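Load the model in your viewer and keep the selection box open. The stops below go one at a time, each with something to select.

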Amino acid sequence: MGTFISFEGPDGAGKTSVMNAIQQWLEDRVGADQLLLTREPGGNRISEQIRDVLFDDQNTNMDPRTEALLFAAARRQHIVEDIEPALRAGKIVLSDRYVDSSVAYQGGGRHLGADDIWELNQFAIHGLLPDLTIYLDIESSLGLRRISEHRSDQVNRLDREQLHFHQEVRRAYLTLAKRHPNRIVTVDASQPLAKVITATQRVIEKRLPQLK
Ligand SMILES: Nc1ncnc2c1ncn2[C@@H]1O[C@H](COP(=O)(O)OP(=O)(O)O)[C@@H](O)[C@H]1O
Ligand SMILES: [Mg+2]
């Protein structure tokens, strides 16, 4: 079996930036053919079709539970078509988001309840938890500032809602990290990117000593 590593954290935390660096770093060590870089929701045709429904701007009337079910459905297909075959082939799988995102966003942000969303997802993941989850933790207002630099000092009602939503998401992530101390490693994502990358490499080396 290979190794399954998920990357978590809010938009703006640096998941894409860090994963690109980690991909390069791992490619040099194990070779590109031993790596699968993937993202949720997505990865294959069916999951990408579900992604389109989830992110369609016209679907403003989507019920939060519908949203949670669709994320879980996309996750199931992602596991079966992409993640499990790669793990069976002995690869290292790096996934941009996985089950913790559902717990943080639908459970925390959308107030559906972390425990209910966790339970719902047990049906979808059927036991497949990552060997390691890198949680890029960042104070919510700083994360938001990174994605909308130009509006940082002009906070309107919508921005405040957004900030509150993101604070709920962060709270849920921090609770998850406490509940799963062996799986989830928190990395301080407010540091300069180079430091975040180095910290992430150290965490991965610890789990995969053969990389050193
Ligand atoms: N540690 C960091 N310090 C400063 N800026 C960063 C850092 N990490 C990422 N960024 C910048 O923040 C923005 C969001 O980063 P990104 O990697 O796309 O985050 P995510 O994939 O988690 O949404 C990008 O413009 C990126 O260059
Ligand atoms: Mg990203």
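**Stop 1: the pocket lining**

Begin with the helices of the largest pocket. Select α1, α2 (45-55), α3 (64-88), α4 (99-109) and α7 (157-179): each supplies at least two residues of its lining. Keep in mind that this is a predicted model. Colour α7 separately, since that helix makes the largest share of the lining, six residues.

Now fill the space. The largest pocket holds about 1,000 Å³. It is lined by 35 residues, and those closest to its centre are Asp-11, Phe-55, Phe-71, Tyr-105 and Arg-110. Show these five as sticks. Then colour the lining by class: 10 residues are nonpolar, 11 polar and 14 charged.

**Stop 2: ligand 1**

Select ligand 1 and expand to its shell. The shell has 14 residues, and the closest are Gly-12, Lys-15, Thr-16, Ser-17 and Gln-191. Split by class, the shell has six nonpolar, five polar and three charged residues.

Which atoms of Gly-12 and Thr-16 should you pick for distances to ligand 1? At Gly-12, take a polar backbone atom: an oxygen atom of ligand 1 is 2.8 Å away. At Thr-16, go to the side chain, where an N or O atom is 2.8 Å from an oxygen atom of ligand 1. For a nitrogen atom of the ligand, turn to Leu-193. A polar backbone atom of Leu-193 is 3.1 Å from that nitrogen.

How much of ligand 1 does the protein bury? Taken alone, the ligand exposes 560 Å², and the protein buries 66% of that.

Next, highlight α1 (15-30) and α8 (193-207), the elements that give two or more residues to the ligand shell. Of the elements, α1 gives the most, with three residues.

**Stop 3: a cavity**

Switch to a cavity display. The count comes to one cavity of 30 Å³ or more. The volume of the largest cavity is about 30 Å³.

Select its lining: Pro-10, Asp-11, Ser-140, Gly-143, Leu-144, Ile-147 and His-166. Asp-11 is a residue you have already met, among those closest to the centre of the largest pocket. Which helix gives the most to the cavity lining? Select α6 (residues 140-147), which contributes four residues. The cavity lining divides into three nonpolar, three polar and one charged residue.

**Stop 4: two backbone details**

Move to the loop between β2 (35-39) and α2, where Pro-41 is found. Check the peptide bond that joins Glu-40 and Pro-41. That bond is cis, with omega about -15°.

Then select Arg-97, in the loop between β3 (92-96) and α4. What is the phi of Arg-97? The angle is near 80°, a positive value in a residue other than glycine.

**Stop 5: the whole fold**

Zoom out and switch to cartoon. The protein has eight helices and five strands. Trace the chain along its sequence and the pattern reads β-α-β-α-α-β-α-α-β-α-α-β-α.

Finish with the dimensions. Along its principal axes, the C-alpha trace spans about 50 × 35 × 30 Å. Why does the radius of gyration fit a compact globule? For 212 residues, such a globule would come out near 17 Å, and the protein has 17 Å, so the two agree.

Definitions and conventions: Residues are numbered from 1 along each chain as its sequence is written. Chains are lettered from A and ligands numbered from 1 in the order in which they are written. This is a predicted model: local features need pLDDT of at least 70, side-chain atom pairs count only at pLDDT 80 or more; totals for chains, interfaces and linings use all residues. Side-chain values use heavy atoms; hydrogens and water are left out. A residue is near a molecule or strand if one of its heavy atoms lies within 4 Å of it. A polar contact is a pair of N or O atoms within 3.5 Å; within protein, one must be able to donate a hydrogen and the other to accept it, and residues adjacent in sequence count only if both atoms are side-chain atoms. Accessible areas come from the Shrake-Rupley method with a 1.4 Å probe; for residues, only the protein chains shown count as cover. Ala, Val, Leu, Ile, Met, Phe, Trp, Tyr, Cys and Pro count as nonpolar, Asp, Glu, Lys and Arg as charged, and the others, Gly among them, as polar. On a 1 Å grid over the protein atoms alone, a cavity is a set of points where a 1.4 Å probe fits but cannot get out, and a pocket is an open set with protein on both sides within 12 Å along at least five of seven lines; lining residues have an atom within 4 Å of a point. Grid points are joined across faces, edges and corners, and a volume is the space filled by probe spheres set on the points. The radius of gyration is taken over C-alpha atoms; the globule rule is 2.2 Å times the number of residues to the power 0.38.
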